[in-house]
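Open the model in your viewer and keep the selection tool handy. We will hop from stop to stop, choosing a few residues each time and looking at what surrounds them.

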Amino acid sequence: MQGDAYILGMVGLGTMGRNLLLNMADHGFKVAGYDKDATKVELLGKEAVKGDVKGFTSLTDFIQNLQRPRAVMLLVPAGKIVDSAIADIAPLLDKGDLIIDGGNSHFSDTNRRADELKAKGLHFFGMGVSGGEEGARKGPSMMPGGDPQAYKVVQPIFEAIAAKVKGEPCVTYIGPGSAGHFVKMVHNGIEYALMQLIAETYEVMQKGIGLSGEEIHATFKKWNAGRLQSFLIEITRDIFAFREPGVDHLLLEDIKDEARSKGTGKWTSQVAMDLQLPIPTIDTAVAMRDLSKYKTMRVAASRIYKDPKRNEAHIQKSLTALEEALYFSTVIAYAQGMHLLSQASKEFGYTLQMEKIALIWRGGCIIRSTFLEDIYQAYKKNTALEHLLLDAGIAKKVNEATAGMRSVVSSAAAAGIAAPAYAASLSYFDTFRSARMPSNLIQAQRDYFGAHTYERNGKDGVFHTQWFKK
């Protein structure tokens with residue numbers, strides 16, 4: 001049966017799992033899928049128009065029909081469901097077989113599962129997958145990490161189905177342990193930031209400049225042909241042109257302003273706090289999604305607190321400045337995410353290669369953009385680059401966009417238009433470029449009320465002062 005066996009098995013035939021499996025079949029790989037839901041298995045059969053793919057509702061039959069060493073990929077919701085799936089599958093596998101978690105699992109869970117499966121003689125790695133439904137079907141960006149020998153078993157499959165940029169597949173071995181899932185988590189944190197920045201841009205366009213939906217559509221269309229070109233700008237362009245049949249206004253106007261989330265942005269902020277590394281643009285994006293959920297209170301507050309009387313001089317009408325501000329903030333969001341990855345690599349022993357991460361994010365994933373080529377080139381030129389903002393080429397582009405950024409943030413504040421992620425990005429930048437921060441006062445305060453001591457410029461040692469007379 002080995003010659004007729006399936007080279008990879010997919011557990012979970014929802015949208016992502018089914019489309020990835022069909023992508024593999026399209027590339028000539030003989031693959032199988034399993035789901036408890038017979039309707040999903042039936043749907044796989046109806047869509048499998050190319051290649052050799054088969055669905056199973058019996059887990060035992062599914063496992064028995066896989067080629068050895070068996071490679072089983074999970075695409076199920078993160079959390080307890082992953083543990084449950086592993087508990088069902090592991091007893092049916094033999095030593096040397098492989099389990100791949102392709103969901104958005106927390107990296108700490110990935111470490112635990114790897115240790116548990118290693119004790120049973122099973123290989124395991126976690127792999128971030130980005131690109132959504134279309135990416136899964138036509139070419140995603142994938143971030144596998146964990147057991148390098150296990151990855152080699154499926155490497156030809158993933159390189160074949162991944163998105164391609166300049167002929168290079170958007171997948172690479174990320175690093176040991178939970179490196180793959182950690183990188184995907186930070187990818188999602190950057191995604192949160194970029195989406196919030198684009199939403200604030202929409203707010204400025206609408207409330208500050210007074211653009212119509214058609215004018216906003218035209219602006220994003222123009223921007224997507226320039227240095228802001230990205231998947232998120234592209235879909236935003238399309239959203240501002242979408243009307244339901246027979247309706248004379250944008251569908252966007254009927255969508256409730258309460259943003260949902262699945263938690264990966266929050267995880268990014270939490271681990272950054274643990275590592276004592278600031279990512280305020282990402283943190284703000286997470287916080288604004290949370291604040292959006294308090295709709296009733298926001299409506300009540302809007303009746304109490306009125307908008308300031310808007311002085312036309314305070315409202316930035318230059319789309320050139322707004323484009324500069326969005327570009328500036330986009331650079332800051334990526335820079336914060338890459339800095340977090342760099343620090344986490346040292347802390348967790350991931351040995352991340354930053355240029356390769358930028359390389360595989362250039363296509364297939366949600367945060368793909370023209371600017372990722374600049375990031376790739378910066379880290380390729382200097383693999384030891386401590387922070388993206390220290391690259392000379394990036395610094396030149398940031399400096400050129402700074403005036404527009406300051407203009408938009410100050411104008412929005414004067415007009416009472418919320419732009420918290422913009423403001424956080426500018427404050428981060430201004431603090432990052434400060435050779436001397438006012439933190440010396442904080443140290444003095446801590447020593448005053450708690451005798452926490454401080455260090456002095458030009459003198460070695462730790463000092464404490466009796467700041468008040470007893």
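**Stop 1: Tyr 448 and its partners**

Select Tyr 448 and look for its contacts beyond four places in sequence: they are Trp 467 and Phe 468. Please keep in mind that this is a predicted model. Now measure with your distance tool from Tyr 448 to Phe 468: these residues are 20 apart along the chain, and their C-alpha atoms are separated by 8.1 Å. Colour helix α19 as well, since that is where Tyr 448 lies. Is Tyr 448 buried, exposed or partly exposed? Its relative accessibility is 43%, so Tyr 448 counts as partly exposed.

**Stop 2: a pocket beside the same helix**

Stay with α19, which runs over residues 439-450. Which residues line the second largest pocket? Select Arg 436, Met 437, Ser 439, Asn 440, Gln 443, Ala 444, Tyr 454, Glu 455, Arg 456 and Asn 457 to see the lining. Two elements each give two or more residues to it, namely α19 and strand β10 (454-456). The largest share, 4 residues, comes from α19. The pocket has a volume of about 300 Å³.

**Stop 3: two domains**

Next, colour the chain by domain. The assignment gives domain 1 as residues 8-173 and domain 2 as residues 184-433. How far apart are the C-alpha centres of domain 1 and domain 2? They lie 32 Å apart. Where the domains meet, 22 residues of domain 1 are in contact with 19 residues of domain 2.

**Stop 4: helix α8 and the annotated residues**

Select helix α8, residues 179-209. The unreviewed UniProt entry carries the annotation "active site" for Lys 184 and Glu 191, and both can be found on this helix: Lys 184 is in α8, and Glu 191 lies in α8 too.

Click on Lys 184 first. It counts as buried because its relative accessibility is 5%, and the cut-off for buried is under 20%. Beyond four places in sequence, Lys 184 is in contact with Asn 104, Gly 128, Val 129, Ser 130 and Met 143.

Then move to Glu 191. With a relative accessible area of 16%, Glu 191 is buried. Leaving out residues up to four places away in sequence, Glu 191 touches Ile 366 and Ile 367.

Travel along α8 to Met 205, which is found in this helix. Met 205 has 0% relative accessibility, so it counts as buried. Among its contacts beyond four places in sequence are Phe 220, Trp 223, Leu 319 and Leu 322. For a contrast, select Val 154: Met 205 and Val 154 are 51 residues apart in sequence and 47 Å apart in space, C-alpha to C-alpha.

**Stop 5: the nonpolar cores**

Which residues have the most contacts inside the largest nonpolar core? They are Leu 341 and Trp 361, in a core of 86 residues. Helix α14 (residues 319-348) gives the most to this core, with 15 residues. Keep your domain colours on, as the core draws at least three residues from each of domain 1 and domain 2.

Zoom in on Trp 361. Beyond four places in sequence, its contacts include Met 143, His 187, Met 338, Leu 341, Ile 367 and Leu 372. There is also a second, separate core of 32 residues, including Leu 21, Leu 22, Phe 29 and Val 41.

**Stop 6: spaces inside**

Now look for enclosed gaps. How many cavities of 30 Å³ or more are there? The count comes to 2. The largest cavity holds about 130 Å³ of space. Of the 16 residues that line this cavity, select Leu 194, Leu 228, Ser 230, Ile 233 and Thr 330, which lie nearest its centre. Helices α8, α10 (231-239) and α14 each supply at least two lining residues.

**Stop 7: helix α11**

For the last stop, select α11, residues 264-274. The buried residues here are Thr 264, Gly 265, Trp 267, Thr 268, Ser 269, Val 271 and Ala 272. Show α5 (107-118), α8, α12 (280-292) and α14 as well, for these are the helices that the buried residues of α11 pack against. Finish just after α11 at Gln 276, which takes a positive phi of about 55 degrees.

Key:
Residues are numbered from 1 along each chain as its sequence is written. This is a predicted model: local features need pLDDT of at least 70, side-chain atom pairs count only at pLDDT 80 or more; totals for chains, interfaces and linings use all residues. Side-chain values use heavy atoms; hydrogens and water are left out. UniProt positions are given in the numbering used here, feature names are shortened, and annotations may be inferred rather than shown by experiment. Buried means under 20% relative accessible area, exposed over 50%, partly exposed in between (1.4 Å probe, protein chains only). Contact means heavy atoms within 4.5 Å. A nonpolar core is a set of buried Ala, Val, Leu, Ile, Met, Phe, Trp, Tyr and Cys residues joined through side-chain atoms within 4.5 Å. Domain bounds come from an automatic or database domain assignment. On a 1 Å grid over the protein atoms alone, a cavity is a set of points where a 1.4 Å probe fits but cannot get out, and a pocket is an open set with protein on both sides within 12 Å along at least five of seven lines; lining residues have an atom within 4 Å of a point. Grid points are joined across faces, edges and corners, and a volume is the space filled by probe spheres set on the points.
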